[in-house]
Amino acid sequence: METKLQELKTLLMEANDLEMAGALLNWDQSTYMPSGGAEARGRQLGTLAKLAHEKATDPAIGRLLDALRPFEESLPFDSDDASLIRVTRRQYERATKVPAAFMARINTHMAESYVAWTLARPANDFKKVQSSLETTLDLSRELANYFPGYAHIADPLIDFADYGMSAVSVRAVFTELRDQLVPIVQAITSQAPADDACLHQRYPEDKQLAFGLEVIKRFGFDFERGRQDKTHHPFMTKFSLGDVRITTRVKENDLGEAIFSTMHESGHAMYELGINRDYEGSPLGGGTSSGVHESQSRTWENLVGRSLGFWQFFYPRLQDYFPEQLKSVSLDTFYRAINKVQRSLIRTDSDEVTYNLHPIIRFDLELQLLEGSLAVRDLPEAWRARYTSDIGITPPDDKDGVLQDVHWFGGLIGGAFQGYTLGNILSAQFFAEALKAHPEIPAQIASGEFGVLHNWLKTSIYQYGSKYTASELIQRVTGGPLSIAPYINYLKTKYQALYAGV
Ligand code: ZN
């Protein structure tokens with residue numbers, strides 16, 4: 001059995017190596033590659049994706065999984081070997097249900113659809129992507145239908161990103177959340193908005209980058225195993241557990257952009273860097289779901305990075321970096337500016353309080369598209385209607401409406417957005433547990449120390465990688481299922497101090 005397990009690990013490592021090589025080519029494409037490299041790079045990524053898929057669906061893996069079943073059953077559920085076999089089986093069964101030729105069709109279509117979107121968005125022309133998006137919808141449905149037996153056609157697609165969740169379970173959580181959020185948004189936005197002019201002076205790029213790096217160094221981001229580079233749309237990527245990269249973008253007239261994106265991506269990266277090194281190159285060696293991943297980025301960006309305690313320590317440091325811009329701006333003014341709440345059009349620019357209304361709209365529209373109750377040609381109008389009713393603001397055009405997010409144009413329709421909101425909910429649920437175990441965490445944050453929190457996250461969440469599903473992990477860490485109560489409590493406590501009537 002030991003030999004068979006070793007054979008399985010070797011095959012999995014080879015599949016992983018091909019995937020990581022693709023990730024490196026992707027990172028290069030988004031950071032340093034000259035534009036002349038685009039055409040060949042697309043082909044090279046396609047070749048690697050095809051090889052990686054062939055490796056990951058090698059029938060030899062299936063035979064080994066069958067042979068190892070008695071061994072798996074003889075081990076405790078949470079042993080590393082049993083977990084490796086269990087998680088590999090789940091991924092293998094999923095991957096082998098979809099023909100390689102169909103995956104290749106999806107990949108080719110996505111590359112074309114992405115290019116169409118990069119032209120359509122600046123031109124504010126939804127018609128330019130409509131037929132391409134119709135094909136995406138057909139392909140998304142076709143993919144779901146390789147997994148028959150679902151209750152809702154979105155379920156298999158939701159399952160890819162957030163294993164164990166479904167249209168019904170996500171919708172139940174989102175409905176409850178929306179009911180609680182709307183009165184908070186109303187109470188805050190009926191008052192005068194915070195003045196955030198202090199953030200929109202000129203802040204030189206090099207100093208912004210240096211400050212962000214100083215912050216995440218204190219968080220405990222390991223620069224021996226990671227680095228940060230610039231890109232258009234910030235992301236985290238990984239080539240091994242010893243090399244996890246983050247990217248950021250800087251706007252010289254918007255101080256928040258680089259600082260908060262650096263903290264956000266460092267949270268994703270520290271999760272990956274904290275995974276048990278024995279899981280390297282195996283299906284256990286990555287974050288467990290998109291929701292749990294996002295909970296870790298939001299912990300550092302929002303619960304830590306937008307807290308008053310954090311800035312009690314870091315604001316004087318920031319003033320040292322930018323004395324001219326900030327010497328006459330008080331901590332209170334700055335804190336209110338970075339926590340300004342307003343009804344807005346763009347998901348990625350929105351504040352903590354209104355943010356979740358944006359993914360909820362997209363999630364509902366995805367379900368309607370997949371169900372066939374909404375046609376792609378009617379999507380821009382449906383988008384405007386939902387922004388008007390849910391957020392109270394009507395997009396003046398499609399550029400900042402239905403065309404704003406890359407997800408549907410560079411990926412599938414279905415499963416793309418729920419992880420953001422699940423992540424926000426979970427960040428507060430996990431953080432509440434950290435505070436129960438270590439009530440000294442807020443005082444530590446206010447003195448620029450993050451070791452206790454970081455270690456708690458490593459021990460409770462990071463180290464396990466994908467060993468536990470999201471729901472198993474939530475149960476282990478919190479003793480119960482996913483709950484919105486800690487998140488609502490967090491928002492109310494924080495924003496009551498800033499706005500009356502919350
Ligand atoms: Zn994220």
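A helix here is a DSSP run of H or I with at least four residues, numbered from the N terminus. I keep that in mind for every α label below, and I remind myself that this is a predicted model.

**Entry 1: the second largest pocket**

I started with the second largest pocket, whose volume comes to about 500 Å³. I found 19 residues lining the second largest pocket, and those closest to its centre are L303, S307, F431, L435 and Y490. Which helix gives the most to this lining? It is α23, with five residues. I also noted the elements that each supply at least two lining residues: α13 (308-321), α19 (418-437), α20 (441-446) and α23 (485-496). By residue type, I have 14 nonpolar, four polar and one charged in the lining of the second largest pocket.

**Entry 2: the cavity**

Next I looked for enclosed space. I got one cavity of 30 Å³ or more, and the volume of the largest cavity is about 60 Å³. Its lining is made up of R298, N302, L303, E352, Y355, N424, S427, Y487, Y490 and L491. Here α12, α19 and α23 are the elements that give two or more residues. The split for the cavity lining is five nonpolar, three polar and two charged. I was pleased to meet L303 and Y490 again: they line the largest cavity, and they are also among the residues closest to the centre of the second largest pocket.

**Entry 3: N339**

I then turned to N339, which sits in the loop between α15 (331-338) and α16 (357-371). Is N339 buried or exposed? Its relative accessibility is 1%, so N339 counts as buried, the cut-off being under 20%. The side chain of N339 has a polar contact, at 2.9 Å, with the side chain of K494. Setting aside neighbours within four places in sequence, I list R306, E352, K494, Y495, L498 and Y499 as the contacts of N339. E352 is a familiar name, as it is one of the residues lining the largest cavity.

**Entry 4: the zinc ion**

Last, I checked the metal. Which protein atoms act as donors to the zinc ion? They are NE2 of H264, NE2 of H268 and OE of E294, at 2.1 to 2.3 Å from the ion. I wrote the sequence spacing of the donor residues as H-x3-H-x25-E. H264 belongs to helix α11 (residues 255-273) and E294 to helix α12 (residues 290-304), so this pair ties together parts that are 30 residues apart in sequence. Both H264 and E294 are buried. Helix α12 had already come up in my notes, as one of the elements giving two or more residues to the lining of the largest cavity.

Technical notes: Residues are numbered from 1 along each chain as its sequence is written. This is a predicted model: local features need pLDDT of at least 70, side-chain atom pairs count only at pLDDT 80 or more; totals for chains, interfaces and linings use all residues. Side-chain values use heavy atoms; hydrogens and water are left out. Donors are N, O and S atoms within 2.8 Å of the metal (3.2 Å for Na, K and Ca); water is not among the atoms, so sites may look incomplete. Buried means under 20% relative accessible area, exposed over 50%, partly exposed in between (1.4 Å probe, protein chains only). On a 1 Å grid over the protein atoms alone, a cavity is a set of points where a 1.4 Å probe fits but cannot get out, and a pocket is an open set with protein on both sides within 12 Å along at least five of seven lines; lining residues have an atom within 4 Å of a point. Grid points are joined across faces, edges and corners, and a volume is the space filled by probe spheres set on the points. Ala, Val, Leu, Ile, Met, Phe, Trp, Tyr, Cys and Pro count as nonpolar, Asp, Glu, Lys and Arg as charged, and the others, Gly among them, as polar. A polar contact is a pair of N or O atoms within 3.5 Å; within protein, one must be able to donate a hydrogen and the other to accept it, and residues adjacent in sequence count only if both atoms are side-chain atoms. Contact means heavy atoms within 4.5 Å.
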